[in-house]
Amino acid sequence: RVVGAAVTTNDRHHLLFITTGGQLLRFPANSVRPQGRTAAGMAGIKLAADDEVLFFGVVDPRADGVVVTIAGTSQALPGTENGTGKATTAALYPVKGRATGGVRCHKFRSGEDRLLVAWCGPTPARAASANGVAVDLPDTDSRRDGTGQPLASPVSAVGGPIGQRA
């Protein structure tokens, strides 16, 4: 399944993956060579056996970006769990090479075993429930791999300011 698609013509941009296992990989876009239609693709993030990519996007390292992660349990019915959320300045995550496992971006609390929602983009980040009602996100956390704070209601989507592009 496709989790993200992006186009960038700017070599200073970074590509960013976030997995359900709470791993984040960020690497320069200029390390990716264009591929033709018949190509087999390229290695992005190295996944553990039970891990999946939850988010992929393009990040401008000179902009004020934020990583938002929301953790919960895989045992809950999707969209019913409030979970714990964390917002972290994107600049705190180091640039790594392609095809590595990245770094931990969210430490799970007892009872949590996966990220439910992940997003990275320009500040301020905004969250919404499935019916479009705004959900408050916690203040920015300076710990890149800390635990999240309990949320008031389930989050279905996270996004950033309208009209800004990487």
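**Strand pairing, aromatic contacts and cysteines in an all-strand model**

Within the protein chain, 77% of the contacts with a separation of 6 or more are accounted for by residues 24 or more positions apart. The structure is a predicted model. Its protein chain contains 12 strands and 0 helices, and the order of elements along the sequence is accordingly β-β-β-β-β-β-β-β-β-β-β-β. For 166 residues, a compact globule would have a radius of gyration near 15 Å, and the 16 Å computed for the protein chain agrees with that value. Taken along the principal axes, the box filled by the C-alpha atoms is roughly 45 × 35 × 30 Å. Of the 166 residues, 38% count as buried. The protein chain exposes about 9,300 Å², of which 49% is supplied by carbon and sulfur atoms.

Two open sheets were examined. In one of them, 4 strands are arranged in the order 3-1-2-6 with antiparallel pairing. Strand 3 and strand 6 (103-104) are the edge strands of this sheet, each pairing on one side only. The antiparallel pairing of strand 1 with strand 3 extends over 6 bridges, and Thr19 stands opposite Val53 of strand 3. The other open sheet consists of 3 strands in the order 9-8-12, again with antiparallel pairing. Here the edge positions belong to strand 9 (134-135) and strand 12 (157-159), each of which pairs on one side only. Strand 8 (residues 126-128) is joined to strand 12 in the antiparallel sense by 3 bridges; the bridge partner of Ala128 in strand 12 is Ala157.

Strand 5 (residues 84-89) was examined separately. This strand is mostly covered, with 5 of its 6 residues buried. Its pairing with strand 4 (residues 65-72) is antiparallel and comprises 6 bridges; within this pairing, Val66 has Thr89 of strand 5 as its bridge partner. Strand 5 also runs antiparallel to strand 11 (residues 149-150), to which 2 bridges join it, and Gly85 stands opposite Gln149 of strand 11. The pairing of strand 5 with strand 10 (residues 140-141) is in the parallel sense and likewise covers 2 bridges. In that parallel pairing, the bridge partner of Thr88 is Asp141 of strand 10.

A search of the whole structure for aromatic pairs returned 2. In the pair formed by Phe17 and Phe27, the ring centres are 6.1 Å apart and the planes lie at 25°, so the pair is stacked. Phe17 belongs to strand 1 (residues 14-19) and Phe27 to strand 2 (residues 23-28), and this pair links parts of the chain 10 residues apart. Phe17 and Phe27 are both buried. In the pair formed by Phe17 and Phe56, the centres are 4.9 Å apart and the planes are at 50°, so this pair is tilted. Because Phe17 lies in strand 1 and Phe56 in strand 3 (residues 53-59), the tilted pair ties together parts that are 39 residues apart in sequence. Burial extends to this pair as well, both Phe17 and Phe56 being buried. Phe17, Phe27 and Phe56 together form one aromatic cluster. The strands that carry these rings also belong to the open sheet with the order 3-1-2-6.

The structure holds 0 disulfides. For Cys105, the closest cysteine sulfur is that of Cys120, at 10.0 Å, which is too far for a bond; the cut-off for a disulfide is a pair of cysteine sulfur atoms within 2.5 Å. Cys120 is accordingly in no disulfide, its nearest cysteine sulfur being that of Cys105. With a relative accessibility of 0%, Cys105 counts as buried. Cys120 is buried too, because its relative accessible area is 5% and the limit for burial is under 20%.

Technical notes
Residues are numbered from 1 along each chain as its sequence is written. This is a predicted model: local features need pLDDT of at least 70, side-chain atom pairs count only at pLDDT 80 or more; totals for chains, interfaces and linings use all residues. Side-chain values use heavy atoms; hydrogens and water are left out. Buried means under 20% relative accessible area, exposed over 50%, partly exposed in between (1.4 Å probe, protein chains only). Two strands pair if DSSP finds at least two bridges between them. Rings of Phe, Tyr and Trp (its six-membered ring) pair if their centres lie within 6.5 Å; planes under 30 degrees apart count as stacked, over 60 as edge-to-face and the rest as tilted. The radius of gyration is taken over C-alpha atoms; the globule rule is 2.2 Å times the number of residues to the power 0.38. Contact means heavy atoms within 4.5 Å. Accessible areas come from the Shrake-Rupley method with a 1.4 Å probe; for residues, only the protein chains shown count as cover.
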